[in-house]
Amino acid sequence: MLIGNKELEINQVLTLMIEIKQTAENPAARLTLPARVCWCKKEEYSYNFKTGVEFQDITKQNRKAIEVILKKYQFE
């Protein structure tokens, strides 16, 4: 899910760039991923929009990096 201040069109294809900071376990990296907008909803009592995306054409290396990111940040 992305959070931003613009409403995005369903099925719109985006190019997302995710920068990963260096840690003791992993080197710094930058992922560039195509993604399709699945849904977009305005947040209640806010000017922001929540947007669900589906990654497209992910390499095995990018998939592993995304899994690491999700494990680290999913509950923060």
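**Exercise 1. Elements of the chain**

How many helices and strands does the protein chain have?

Solution. The model is a predicted one, in which local features need pLDDT of at least 70 and side-chain atom pairs count only at pLDDT 80 or more, while totals for chains, interfaces and linings use all residues. Residues are numbered from 1 along each chain as its sequence is written, and side-chain values use heavy atoms, with hydrogens and water left out.

Step 1. Helices (H or I, at least four residues) and strands (E, at least two) are DSSP runs, numbered from the N terminus. The protein chain has one helix and four strands.

Step 2. Along the sequence the elements follow the pattern β-β-β-β-α.

Step 3. The C-alpha trace spans about 40 × 25 × 15 Å along its principal axes.

**Exercise 2. The sheet**

Work out the strand order and find the edges of the sheet.

Solution. Step 1. Two strands pair if DSSP finds at least two bridges between them. The four strands form an open sheet in the order β1-β4-β3-β2, with antiparallel pairing.

Step 2. β1 (2–4) and β2 (13–20) each have a single partner strand and stand at the edges, so one side of each is left without a neighbour in the sheet.

Step 3. From one strand to the next, the twist averages 50°. For such angles, axes are lines fitted to C-alpha atoms, for helices over the stretch in contact, and the angles run from 0 to 180 degrees between N-to-C directions.

Step 4. Strands β3 (residues 29–42) and β4 (residues 49–55) pair over seven bridges in the antiparallel sense. Glutamate 54 in β4 is the bridge partner of arginine 36.

Step 5. Helix α1 (residues 60–73) packs on the sheet and touches β2, β3 and β4. The direction of α1 makes about 65° with that of β3.

**Exercise 3. Threonine 51**

Is threonine 51 buried or exposed?

Solution. Step 1. Threonine 51 lies in strand β4.

Step 2. Buried means under 20% relative accessible area, exposed over 50%, and partly exposed in between (1.4 Å probe, protein chains only). Threonine 51 has 2% relative accessibility, so this residue counts as buried. Of the 76 residues of the protein chain, 18% count as buried.

Step 3. Contact means heavy atoms within 4.5 Å. Neighbours within four places in sequence aside, threonine 51 is in contact with Met1, Leu2, Leu8, Val37, Trp39 and Cys40.

**Exercise 4. Two pockets**

Describe the lining of the largest pocket and of the second largest pocket.

Solution. Step 1. On a 1 Å grid over the protein atoms alone, a pocket is an open set of points where a 1.4 Å probe fits, with protein on both sides within 12 Å along at least five of seven lines; lining residues have an atom within 4 Å of a point. Grid points are joined across faces, edges and corners, and a volume is the space filled by probe spheres set on the points.

Step 2. The largest pocket holds about 470 Å³ of space. It is lined by 18 residues, of which Ile20, Asn26, Pro27, Ala65 and Val68 are the closest to its centre. α1 gives the most to this lining, with eight residues.

Step 3. Ala, Val, Leu, Ile, Met, Phe, Trp, Tyr, Cys and Pro count as nonpolar, Asp, Glu, Lys and Arg as charged, and the others, Gly among them, as polar. The lining of the largest pocket has nine nonpolar, four polar and five charged residues.

Step 4. The second largest pocket has a volume of about 290 Å³. Its lining divides into ten nonpolar, no polar and no charged residues, including Met1, Leu2 and Tyr73.
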